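Trainee: Got a minute to go through this one with me? I'd like to start with the ligand and then look at the fold around it.
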Amino acid sequence: MIQSNMNKNNFKEVDFDAVVVGAGFGGLYSVHKLRNELGLNVRAYDNGSDVGGTWYWNRYPGALSDTESFLYPLSFDKELLEEGDWKHNYLTQPEILSYLNKVADRFDLRRSYQFNTKVTSTYFNEEHNYWEVTTDKGETVTAKFLVTGLGLLSATNVPNFKGIETFKGEQYHTARWPQDVDLKGKRVGIIGTGSTGVQVIIDIAPKVEHLTVFQRTPQYSVPIGLKVQSDAEKAEIKANYEEIWKQAKSSAVAFGFEESTVPAVSVSKEEQERVFEEAWNIGGGFRFMFGTFSDIATNPEANEAAANFIRKKIQEIVKDPETARKLTPTGLYAKRPLCDNGYYDTYNRDNVSLVSVKETPIVEVTPKGVRTTDSEYELDVLIFATGFDAVDGNYTKIDMRGRDGITMKEKWADGPTGYLGMMNTHFPNHFMILGPNGPFTNLPPSIETQVEWISDTVKYMVENDISTIEPKQEAEDEWITTCQTISDQTLFSKGESWIFGANIPGKKNTVMFYLGGLGNYRKALEELGFKGFIFDRVA
Ligand code: N01
C-alpha cells in the first residue's frame, strides 16, 4: 500500500483516485492493481451487466479463443494459475467468461464496478488536474487517473446495406448475440468469413435447415488442432509455467511456441512442404505463420509458398470444384492468421451454400432475405459476422477532451496514435490498455504488461508527489515512426484488414500496432523508462 498525498496538494478534492473503464482482462486487472495493491480509491464502469468485456459480448455460437488454453489466463497470480483447469487445448467463450468471473470473485473486484453504465464523456480539468468522467446515468465523477480498457475489437461494424431495416426475420451481429437464439430448422444467412464468421459457420451448419454464406474475400485458414488435454499434459504445463510465461513474454506473438528463425526461402520446396504439413497437422494459425518459417509475414516469395500450400489443401478438402474455386484465396496471406475446426469441410454439407459477393454483390436486404445481383436468398435469420471498428472505435464514441479542449477525434484526425500504445499528448494521466500502437500478440500477456506499467507509473507518481504525466510530442512522433518502419517491413500493411483500419469504409488506413513483438515491446518499455514523458510536480 502506498501513501497517497493526492487530495491535499494542488488537486482539489477528487471523488476517486482513479476511474477504470471496462471489465475485461485489462479493466479487471487494473482495478486489482490500483485498488488492492496500491490502496487507491477506484470507481470502475462497464456497459455490460457483469464482468467479461470481449468475452461478455461475444457469445455467438462456436466462440473460441485461438490461443492455447494454457496461455490465455493472466499470469500474475501463481495460485490462480495453479488452480486453472481446462478440458481442451483451446477455451470456449463460456470457459473464458467463467475464468474472468473467478478473477472478479477472487479479488473482490465487482464492488468497484458500476455495471450497465456507459461512459459518455471524459474531460480533463486543467485548473485542478483531474478528469471529469460522465456516464449515461447522468453522473459525473472526478478522478486523478483515468484508465481505459475499452477493448480492441469491441465497437461493432454493421455495414449499411440498403433495406437492412426492412428485413422481417431475426438479425444479429455476432458480438451482440442474445442468450436465447434458436437456429434449429431455420434458413440462416451469414455475412462475413473472418475469425468470427468461420467459427459460427462450423458451429451452426449442422443445426440449421440451410446456411447461406455470403463471402466477400476468401480466407486462408489452417486447422486449429482442437483436442482434449490430458491431466498429464496439464501437470507438465503447470510444472513449467514459469519458463513458459518467460518464453511467451520475450517472444514476438506470445502464443507459446518457438518462433522460427529459418527463412522459407533458404530451404528446398520439399522441406517447405514438410514443415507446412507438420504445422498443418499440429494446428494453430499463428504457429503456421510464425512457427514454420521466419519470413512468411515479410517476404512475398515465402508468403506465396505458405499461401499456395493452403490453397492446395482447400482444393483437396472441398469436393465441389465451383465452391472450392470461390473459397480459394488468391492474394497475400497477410491478415491475422485464422485457424478453424473444420471450416472448409463444412462446405461439403448439402445444407451449406456459398455466395461470392465479390462476383455477385449484395444489392439490398429485403423483407424476405438478401438480394444479390443474380438472386434473392430467402432467410429466417441474418447474421452479421462483419467485424469491428477496431482499436479506436470505442474511443471515438466517447466525447474525450484533453488539454486545451482538444478532443480525441481531433487528436486522431490523421489516424489513431498512442505513445507506447498507452498514452497521448494532451491527455495527461489517461492510460489506455491496448490503445493504438501497442503490441500485436496473444492479448492477455500484452494486457498484463501494460497494466503493470500503468500501475508502476501511478505508484511512482503518487510516491513522488507528481500531479501529471504526459508524453512529449517528439517521443510520441518517434514511437509512431518506429511502428510505421516496422510495419513497412511486413506484408501485413499490404493485406487489407482491420489491423490497419481498412475494413471500415472511410476510415483512414494507418498503422495501429507495434508489430515488433511483445519481447521487444517489453524491452522498449524498460529502456525508455520515463524519458519520453513530461511530469508536473505537485506545487
Ligand atoms: O472480423 P473481420 P471478425 N459485405 O473483420 C466481411 C478476433 N477474433 O469478427 O474480408 C460483405 O476479421 C469481411 O470481408 P472482407 C481476431 O483478432 C478472434 O471475424 O473485408 N462482407 C470479413 O469476411 C479477428 O481477427 C477469434 O472482404 C463484409 C468479415 O466480414 C478479429 O477478432 C474469434 C462486409 C469480417 O471479418 C476480427 O474478426 C473471433 C460487407 N459490407 C474474433 N463488411 C479467435 O480467437 C465486412 N465484411 C478465434
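Trainee: How far is an oxygen atom of the ligand from a polar backbone atom of Ala385?
Mentor: That distance is 3.3 Å. Bear in mind that this is a predicted model. Ligand oxygen also sits 3.5 Å from a polar backbone atom of Gly194, and 3.4 Å from one of Leu64.
Trainee: And how much of the ligand's accessible area does the protein cover?
Mentor: The protein covers 87% of the 920 Å² that the ligand has on its own.
Trainee: Which residues are the closest to it?
Mentor: Thr193, Thr196, Arg216, Thr217 and Trp498, out of 23 residues surrounding the ligand. By class, that shell has 10 polar, 9 nonpolar and 4 charged residues.
Trainee: Which strand and which helix each supply at least two residues of the shell?
Mentor: Those are strand E3 (64–68) and helix H5 (195–204).
Trainee: OK, switching to the sheet. What's the order of the strands in the open one?
Mentor: E9-E18-E10-E11-E14, 5 strands with parallel pairing. Strand E9 (170–173) and strand E14 (352–356) are at the edges with a single partner strand each, so one side of each has no neighbour in the sheet. On average, neighbouring strands are turned by 20 degrees against each other, direction ignored.
Trainee: How many bridges join E10 and E11?
Mentor: 5 bridges, linking residues 187–191 of E10 with residues 210–215 of E11. Ile190, for one, has Val213 as its bridge partner in E11.
Trainee: Back to H5: which strands does it touch?
Mentor: H5 packs on the sheet, touching E10, E11 and strand E18 (381–384). The direction of H5 makes about 165 degrees with that of E10.

Terms used
Residues numbered from 1 in each chain as written. Predicted model: local features only at pLDDT ≥ 70, side-chain atom pairs only at ≥ 80, totals over all residues. Heavy atoms only, no water. Near = heavy atom within 4 Å. Polar contact = N/O pair within 3.5 Å; in protein donor to acceptor, adjacent residues only side chain to side chain. Areas by Shrake-Rupley, 256 points an atom, 1.4 Å probe, with all protein chains shown as cover. Helix = DSSP H or I, 4+ residues; strand = E, 2+ residues; numbered from the N terminus. Nonpolar A, V, L, I, M, F, W, Y, C, P; charged D, E, K, R; others polar. Pairing = 2+ DSSP bridges. Axes fitted to C-alpha atoms, helices over the stretch in contact; angles between N-to-C directions. Contact = heavy atoms within 4.5 Å.
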